[in-house]
Amino acid sequence: MNCCLGVILVNILLCFCQKSNPPGAVGTSLALETIIQHSSVDIKPLRNDVSINVLICSRGGGGLLEERMKLVAELWVENIKAEFVPTSDPSLTEQYEYANEHDIKCLVIITDAGVSQKGSVKVRHLELKKEKEIERENLVKFLLEATASQFRNPSIWS
């Protein structure tokens, strides 16, 4: 196809370069729908993704940057979209604003005491106004189950 189009363009340019009268009209038409139907490339429709973005937040503890980074990496390994506010010690207000600006509805909040003493985190859904403290090692399982029901299954919050 590109070869034919190139030949057509060269012929058009040659016509204009000659001193003779140019043609009255020049144009090219491509039937994109036909080309796509007959192409050998598989075009896949967009998947309706039910995944959810998670913001890893910290409260106190000097920002817990390293812990937030580790947690984001762990969630990415499990194909859970996660991010954190890219500053060393953001306030909780800054983190809520970041979530709002990026349309993130699910927060995982870590605290210095929760990380070192209890081994737990809080999961908070901003839209549903639900919160649950869960064991750190159960976070991935909880998020996967919650995402499957878009956090609307009441049993996950009890």
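A salt bridge is taken here as a side-chain nitrogen of Lys or Arg within 4 Å of a carboxyl oxygen of Asp or Glu. The exercises below apply this criterion to a predicted model, in which a search of the whole structure finds 6 salt bridges.

**Exercise 1.** Determine which residue forms a salt bridge with K122, and classify the accessibility of both partners.

*Solution.* Begin with the general principle that side chains of opposite charge can pair when their charged atoms come close. For K122 the partner is E131, and the closest N and O atoms of this pair are 3.7 Å apart, a separation that satisfies the cut-off because the criterion asks for a distance within 4 Å. Next, turn to accessibility, where partly exposed denotes the range between 20% and 50%. K122, at 26% relative accessibility, counts as partly exposed, and E131, with a relative accessible area of 37%, is partly exposed as well.

**Exercise 2.** Find which residues are joined into one network by salt bridges that share partners.

*Solution.* First, take the salt bridge in which the side chains of R124 and E131 meet, with an N to O distance of 2.2 Å. R124 has a relative accessible area of 17% and is therefore buried, since the limit for that class is under 20%. Then consider the salt bridge between the side chains of R152 and E127, at 3.5 Å from N to O. This pair links distant parts of the chain, for R152 lies in the segment after helix 6 (139-148) and E127 in the loop between strand 4 (120-125) and strand 5 (130-135), 25 residues apart. R152 counts as exposed at 51% relative accessibility, whereas E127, at 46%, is partly exposed. Finally, following the shared partners gives the network, which consists of K122, R124 and E131.

**Exercise 3.** Describe the setting of H125, asking whether it is buried or exposed and which residues it touches.

*Solution.* Locate H125 in strand 4, and then read its relative accessible area, which is 4%, so that H125 is buried. Its side chain also has a polar atom that lies 3.3 Å from the backbone nitrogen of E127. To complete the picture, list the contacts while leaving out residues up to four places away in sequence: H125 then touches I52, K105, K130, F151 and W157.

Notes: Residues are numbered from 1 along each chain as its sequence is written. This is a predicted model: local features need pLDDT of at least 70, side-chain atom pairs count only at pLDDT 80 or more; totals for chains, interfaces and linings use all residues. Side-chain values use heavy atoms; hydrogens and water are left out. Buried means under 20% relative accessible area, exposed over 50%, partly exposed in between (1.4 Å probe, protein chains only). Helices (H or I, at least four residues) and strands (E, at least two) are DSSP runs, numbered from the N terminus. A polar contact is a pair of N or O atoms within 3.5 Å; within protein, one must be able to donate a hydrogen and the other to accept it, and residues adjacent in sequence count only if both atoms are side-chain atoms. Contact means heavy atoms within 4.5 Å.
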